There are 2 protein chains.
Amino acid sequence: MSKKPMEVDRYEIRFSGSGGQGIVTAAIILAEAIASEGKYAVCQTQNYGPEARGGASKADIVVSQDVVDYPKPIKLDLLLAMNQASCDAYVCDLKPRGLLIVDATLVSQIPIQRVIALPFSQIARDVSGKDLAANMVALGAVGCVTDIVSLESLEKALLARIPTGTEEMNEKAFSAGVEAAGKIDLRALPAAIGEDDDEV
Amino acid sequence: MSKKPMEVDRYEIRFSGSGGQGIVTAAIILAEAIASEGKYAVCQTQNYGPEARGGASKADIVVSQDVVDYPKPIKLDLLLAMNQASCDAYVCDLKPRGLLIVDATLVSQIPIQRVIALPFSQIARDVSGKDLAANMVALGAVGCVTDIVSLESLEKALLARIPTGTEEMNEKAFSAGVEAAGKIDLRALPAAIGEDDDEV
């Protein structure tokens, strides 16, 4: 998979799932990785309270060429949904050419075809014996399919943020996510949500 | 110290310091604690890039009766400054009746008198042998002096967020911060920045 540096004015990402899945941690690592490259301004936000829909937890990242003047996402370029509730709640916030990434272990009803569905929780179990690191598997997959940040920066940010003693487990999980997503041909996906013109 | 529940429309908090001081972690714990009480909507934000001033790292929390429509702080009610650079950079963002809290181990030049200065890093060293938990000492002090959240909620949020195996160290640090701040008579501070009408 090619990783050409991306040129964007504004790029909006949402990580979502249930509490305890490490959504916020994964979002902070991604935000810090993007910021570390010094190319973009990054605004990373958690909202708690009336804004959360149906028990879905979320963490947003807005990436911008300049100061992020409006820090809330308007329409998402990338949505990671780590459970069914968050997939249902936020899929409508995607741009037509936005990309949905789901944990196929926990999301069985996928509402659109422009999606990357990988069993993040199952992969985490396979590499570490527990689901805990599913967020890092997902982060690896996100890093693999988006050109907004390099995998090197992402791995460095991961190591700086995770608890001492968990490096090996989290790195393994991250690498497994990169590997799983690397096998997917993004060009085979429909170009836009609702379209069915995949090039297979 | 009395902990009457506070009634506010909007309350703005900034935690600031240098990278590696655990500013973001402390802010997330505070945000999650406030949100857990179900009384307020909470928006917690990190900005990276051109917005950061002079190497100072910051994490913001906006607390509101309703959905947080504008997630950036306008004027701070509470500023925690864990180093000199962040104190210098952000003190001007305080409201006249806002409160500055500084790590007196690292901030020697305190620009205003409406301040709580406690040696968070030194206290962390005393209770745990290292500076690492200074953020939790500071969090305890913040919890003690603000009525926006109960200490019980804060401690619960802390335990849910910190790495397994570090509970004892972080709880000790947190309690030491509560204790140190508990000895301070807030009524003895000038009522507003620039005023010198303290009631001593």
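Biologist: Hi! Where in chain B is E155(B)?

Modeller: In this predicted model, E155(B) lies in helix 5 of chain B, which covers residues 151-161.

Biologist: Buried or exposed, that E155(B)?

Modeller: E155(B) has 20 C-beta neighbours inside 10 Å, so it counts as buried. The cut-off for buried is 20 or more.

Biologist: And how many Å separate the C-alpha atoms of E155(B) and A56(B)?

Modeller: They are separated by 27 Å, with their positions 99 residues apart along the chain.

Biologist: Let's hop to chain A. Which helix holds L151(A)?

Modeller: L151(A) is in helix 5 of chain A, residues 151-161. With 16 C-beta neighbours inside 10 Å, L151(A) counts as partly exposed.

Biologist: What does L151(A) touch, leaving out residues up to four places away in sequence?

Modeller: With those left out, L151(A) touches G143(A) and V178(A). As for Q122(A), its C-alpha is 22 Å from that of L151(A), and the two are 29 residues apart in sequence.

Biologist: Okay, new topic: the contact between the chains. How many residues does each chain give?

Modeller: Chain A gives 21 residues and chain B gives 21 residues. On the side of chain A that touches chain B, the elements giving two or more residues are helix 1 (23-36) and strand 2 (41-48).

Biologist: Which element gives the most on that side of chain A?

Modeller: Strand 2 of chain A does, with 8 residues.

Biologist: And how do the residues on that side divide into nonpolar, polar and charged?

Modeller: There are 14 nonpolar, 5 polar and 2 charged residues on the side of chain A that touches chain B.

Biologist: In what sense does strand 2 of chain A pair with strand 2 of chain B?

Modeller: They pair in the antiparallel sense, over 7 bridges, and strand 2 of chain B is residues 41-48. To find a spot in that pairing, look for Q44(A), which stands opposite Q46(B).

Biologist: Nice. How are the two copies related?

Modeller: A turn of 180° with a shift of 0.0 Å along the axis lays chain A on chain B with an RMSD of 0.0 Å. The copies are thus related as by a two-fold rotation axis. T45(A) has the C-alpha of chain A that is nearest the axis, 2.1 Å from it.

Biologist: Why do you say the copies meet through the same surface?

Modeller: Because 100% of the interface residues of chain A are also interface residues in chain B.

Biologist: Moving inside now. Where does strand 3 of chain A sit, and why is it called largely enclosed?

Modeller: Strand 3 of chain A runs over residues 57-64, and 8 of its 8 residues are buried, so the rest of the structure largely encloses it. S57(A), A59(A), I61(A) and V63(A) point one way from the strand, while K58(A), D60(A), V62(A) and S64(A) point the other way, and all are buried.

Biologist: Which residue is the bridge partner of R14(A) in strand 3 of chain A?

Modeller: That is D60(A). Strand 1 of chain A, residues 10-17, pairs with strand 3 of chain A in the antiparallel sense over 8 bridges. Strand 2 of chain A also pairs antiparallel with strand 3, over 6 bridges, and there T45(A) stands opposite D60(A).

Biologist: What about strand 5 of chain B, how many of its residues are buried?

Modeller: For strand 5 of chain B, residues 94-103, it is 7 of the 10, so that strand is largely enclosed by the rest of the structure. Strand 4 of chain B (residues 76-81) runs parallel to strand 5, joined by 5 bridges, and A81(B) has V102(B) as its bridge partner. The chain gets from strand 4 to strand 5 through helix 2 (residues 84-90) of chain B, in a right-handed β-α-β crossover.

Biologist: And which way does strand 6 of chain B run relative to strand 5, parallel or antiparallel?

Modeller: Parallel, with 4 bridges joining strand 5 to strand 6 (residues 115-118) of chain B. D103(B) stands opposite L118(B) there.

Biologist: Last one: which residues touch the most other members of the largest nonpolar core?

Modeller: Among its 134 residues, L30(A), V137(A), L30(B) and V137(B) do. Setting aside residues up to four places away in sequence, V137(B) touches F120(B), I123(B), A124(B), A173(B), A176(B) and G177(B). In soluble globular proteins, nonpolar side chains tend to be buried together.

Technical notes:
Residues are numbered from 1 along each chain as its sequence is written. Chains are lettered from A and ligands numbered from 1 in the order in which they are written. This is a predicted model: local features need pLDDT of at least 70, side-chain atom pairs count only at pLDDT 80 or more; totals for chains, interfaces and linings use all residues. A nonpolar core is a set of buried Ala, Val, Leu, Ile, Met, Phe, Trp, Tyr and Cys residues joined through C-beta atoms within 7 Å. A residue is buried if 20 or more other C-beta atoms lie within 10 Å of its own, exposed if 12 or fewer, and partly exposed in between; C-beta atoms are placed from the backbone. Two residues are in contact if their C-beta atoms, placed from the backbone, lie within 7 Å. Ala, Val, Leu, Ile, Met, Phe, Trp, Tyr, Cys and Pro count as nonpolar, Asp, Glu, Lys and Arg as charged, and the others, Gly among them, as polar. Two strands pair if DSSP finds at least two bridges between them. Copies are superposed by least squares on the C-alpha atoms of residues with pLDDT of at least 70 in both. A crossover is right-handed if, with the strands pointing away from the viewer, the path from the first strand over the helix to the second runs clockwise.
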